[in-house]
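Look at the model below and follow its helices one pair at a time. The text after it describes how they are arranged.

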Amino acid sequence: MAEAKGNENLMAAASYLLGFVTGIIVLVIEKQSKFVRFHAMQSTILFGGIFIANFALGFIPILGWIVGLFLSLGAFILWIVLMWKAFQGEMYRVPKVADIADKQLAKMAGK
């Protein structure tokens with residue numbers, strides 16, 4: 001049982017590895033674990049949103065680039081924290097993003 005829990009923690013952490021890309025991959029692969037699916041959905045929403053925001057900020061000269069730089073730095077720190085928390089088996093919830101992730105997972109479950 002401990003090995004299964006370790007595998008879940010590893011999969012949850014891996015869902016953050018390449019941001020929204022691995023989040024989507026893990027969502028497609030994992031069908032059982034609510035813990036893993038939550039982290040995969042949270043990764044998809046959070047890092048997908050950051051990717052879109054950074055892309056949009058790139059079109060705003062100077063100020064957009066500066067804001068994008070700080071956003072990227074914050075995203076990097078969050079990325080490390082989220083992978084660590086998931087690997088430790090913690091259901092760490094990013095404010096607002098976790099609520100959206102819960103709603104999306106509920107919609108997916110109620111197909």
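In this predicted model, the crossing of α3 and α5 is right-handed. Helix α3 covers residues 34-57 and helix α5 covers residues 97-109. Their axes come within 9 Å and cross at roughly 120 degrees. That makes α3 oblique to α5, because the angle lies outside the ranges that count as roughly parallel, perpendicular or antiparallel. On the α3 side, the contact is made by R37, F38, M41, Q42, I45 and L46. On the α5 side, V97, A98, I100, A101, D102, Q104, L105 and M108 take part. Sorted by class, the residues of this contact are ten nonpolar, two polar and two charged.

Consider next α3 itself. It has 24 residues, and at 1.5 Å a residue these should span 34 Å. The C-alpha atoms at its ends are 34 Å apart, so the expected span and the distance in the model agree. At the start of α3, a side-chain oxygen of S33 reaches to within 3.4 Å of the backbone nitrogen of F35.

A second partner of α3 is helix α4, which covers residues 63-87. The two helices pack at an angle of about 170 degrees, and their axes are 9 Å apart. Angles over 145 degrees count as roughly antiparallel, so α3 is roughly antiparallel to α4. From α3, the residues in this contact are F35, H39, Q42, L46, F47, I50, A53, N54 and L57. From α4, they are G64, W65, V67, G68, L71, S72, A75, L78, W79, L82 and A86. This contact has 14 nonpolar residues, six polar ones and no charged ones. Q42 and L46 of α3 are listed in the contact with α4, and they are also listed in the contact with α5.

Helix α2, residues 20-29, packs against α3 as well. Here the angle is about 150 degrees, with the axes 7 Å apart. The two helices are therefore roughly antiparallel to each other. The crossing of α2 with α3 is left-handed. In α2, the residues that meet α3 are F20, G23, I24, V26 and L27. Facing them in α3 are V36, R37, A40, M41, S43, T44, F47, G48 and F51. By class, this contact consists of nine nonpolar, four polar and one charged residues.

What does the secondary structure of the protein come to? There are five helices and zero strands. Along the sequence, the pattern reads α-α-α-α-α. Taken along the principal axes, the C-alpha atoms of the protein fill a box of roughly 55 × 30 × 20 Å.

Key. Residues are numbered from 1 along each chain as its sequence is written. This is a predicted model: local features need pLDDT of at least 70, side-chain atom pairs count only at pLDDT 80 or more; totals for chains, interfaces and linings use all residues. Side-chain values use heavy atoms; hydrogens and water are left out. Axes are lines fitted to C-alpha atoms, for helices over the stretch in contact, and angles run from 0 to 180 degrees between N-to-C directions. Helices (H or I, at least four residues) and strands (E, at least two) are DSSP runs, numbered from the N terminus. Angles under 35 degrees count as roughly parallel, over 145 as roughly antiparallel, 65 to 115 as roughly perpendicular and the rest as oblique. A crossing is left-handed if the near helix is turned anticlockwise from the far one by less than a right angle, and right-handed if clockwise. Contact means heavy atoms within 4.5 Å. Ala, Val, Leu, Ile, Met, Phe, Trp, Tyr, Cys and Pro count as nonpolar, Asp, Glu, Lys and Arg as charged, and the others, Gly among them, as polar. The expected span of a helix is 1.5 Å times one less than its number of residues. A polar contact is a pair of N or O atoms within 3.5 Å; within protein, one must be able to donate a hydrogen and the other to accept it, and residues adjacent in sequence count only if both atoms are side-chain atoms.
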